[in-house]
Amino acid sequence: MATARALRRFLDALYLAGGVIAGGFLIAILLLIVAQMVARWTGHVFPGATDYAGYCMAGASFFAFAYALNHGAHIRVSILLSALGRFRWWGEVWCFGIGTVTATWFAWYAVRGMLVSRRWNELSQGLDATPIWIPQLSMAAGVILLAIAFWDHLIRLIVTGRHGITTDLTDQAQGE
């Protein structure tokens with residue numbers, strides 16, 4: 001039981017870390033936009049700022065996925081699940097199963113694509129000429145984190161009967 005609690009704390013901390021990293025990427029976007037504005041006002045050019053902001057947007061999005069899933073911020077099919085009545089558990093297993101398979105498949109190919117880009121030394125098309133595997137790294141890490149979150153919730157649902165996603169709407173629908 002102590003091992004399960006330690007694992008739960010570790011996974012929750014991992015999802016929170018993903019949310020914090022996503023927040024850091026959003027702050028980086030803000031700083032890039034401000035730096036680009038200051039450069040423009042002073043008659044200078046900040047080459048690649050738009051590309052860097054795009055990389056940060058991808059990082060913010062992918063790192064936020066697991067945190068958002070864990071807090072019920074993803075689009076869910078709660079109305080349909082509620083309509084299933086006593087078969088709700090089977091519907092949730094189906095939904096988490098599809099999400100788990102999809103996220104795992106996406107994680108596999110995100111890592112594979114990043115490694116291929118690194119091996120071929122691909123560079124971005126923008127003015128920055130950044131090795132493309134660097135921004136792909138944040139995408140791959142974020143989608144791996146999402147796959148872990150889906151596996152976590154699917155296994156928890158099968159073992160305990162509850163998925164662990166915390167929202168007021170979910171709790172009301174489950175009669176708590």
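Me: Which residues do ring pairs link into a cluster?

Reply: Phe62, Phe65 and Phe106. This is a predicted model, where local features need pLDDT of at least 70 and side-chain atom pairs count only at pLDDT 80 or more, while totals for chains, interfaces and linings use all residues. Residues are numbered from 1 along each chain as its sequence is written, and side-chain values use heavy atoms, with hydrogens and water left out.

Me: What makes two rings a pair, and how many aromatic pairs does the count come to?

Reply: Rings of Phe, Tyr and Trp (its six-membered ring) pair if their centres lie within 6.5 Å; planes under 30 degrees apart are stacked, over 60 edge-to-face, and the rest tilted. By this rule there are seven aromatic pairs. One of them joins tyrosine 52 and tyrosine 55.

Me: Why is the pair of tyrosine 52 and tyrosine 55 called edge-to-face?

Reply: The centres are 6.2 Å apart, and the planes make 70°. The distance is within the limit and the angle is over the edge-to-face cut-off, so the name applies. Both tyrosines lie in helix α2 (residues 49-70), three residues apart, about one turn of the helix. Helices here are DSSP runs (H or I, at least four residues; strands are E, at least two), numbered from the N terminus.

Me: How do you know whether tyrosine 52 and tyrosine 55 are buried or exposed?

Reply: Buried means under 20% relative accessible area, exposed over 50%, and partly exposed in between (1.4 Å probe, protein chains only). Tyrosine 52 has 29%, so it is partly exposed. Tyrosine 55 has 19%, so it is buried.

Me: What makes arginine 118 a charge over a ring?

Reply: CZ of Arg or NZ of Lys must be within 6 Å of the ring centre and within 35 degrees of the ring normal. The charged end of arginine 118 sits over the ring of tryptophan 133, 4.9 Å from its centre.

Me: How many disulfides does the structure hold?

Reply: Zero. A disulfide needs a pair of cysteine sulfur atoms within 2.5 Å. Cysteine 56 is buried at 11%, and cysteine 95 is partly exposed at 31%.

Me: How do the axes of helix α1 and helix α5 cross?

Reply: Helix α1 (residues 2-41) and helix α5 (residues 133-160) have axes that come within 11 Å and cross at roughly 145°. Axes are lines fitted to C-alpha atoms, for helices over the stretch in contact, with angles from 0 to 180 degrees between N-to-C directions. Contact (heavy atoms within 4.5 Å) is made by residues including Leu11, Tyr15 and Phe25 of α1 and Leu145, Ile148 and Arg156 of α5.

Me: What makes the phi of asparagine 121 worth a remark?

Reply: Most residues other than glycine have a negative phi. Asparagine 121 is not a glycine, yet its phi is about 55°. Asparagine 121 lies in the loop between α4 (88-119) and α5. With 52% relative accessibility, asparagine 121 is exposed. Alanine 129, in the loop between α4 and α5, also has a positive phi, near 50°. At 38%, alanine 129 is partly exposed.

Me: Why is threonine 130 called buried or exposed, and what is it in contact with?

Reply: Its relative accessibility is 11%, so threonine 130 is buried. Threonine 130 too is placed in the loop between α4 and α5. Leaving aside neighbours within four places in sequence, threonine 130 contacts Tyr52, Tyr55, Glu122, Leu123, Ser124 and Pro135.
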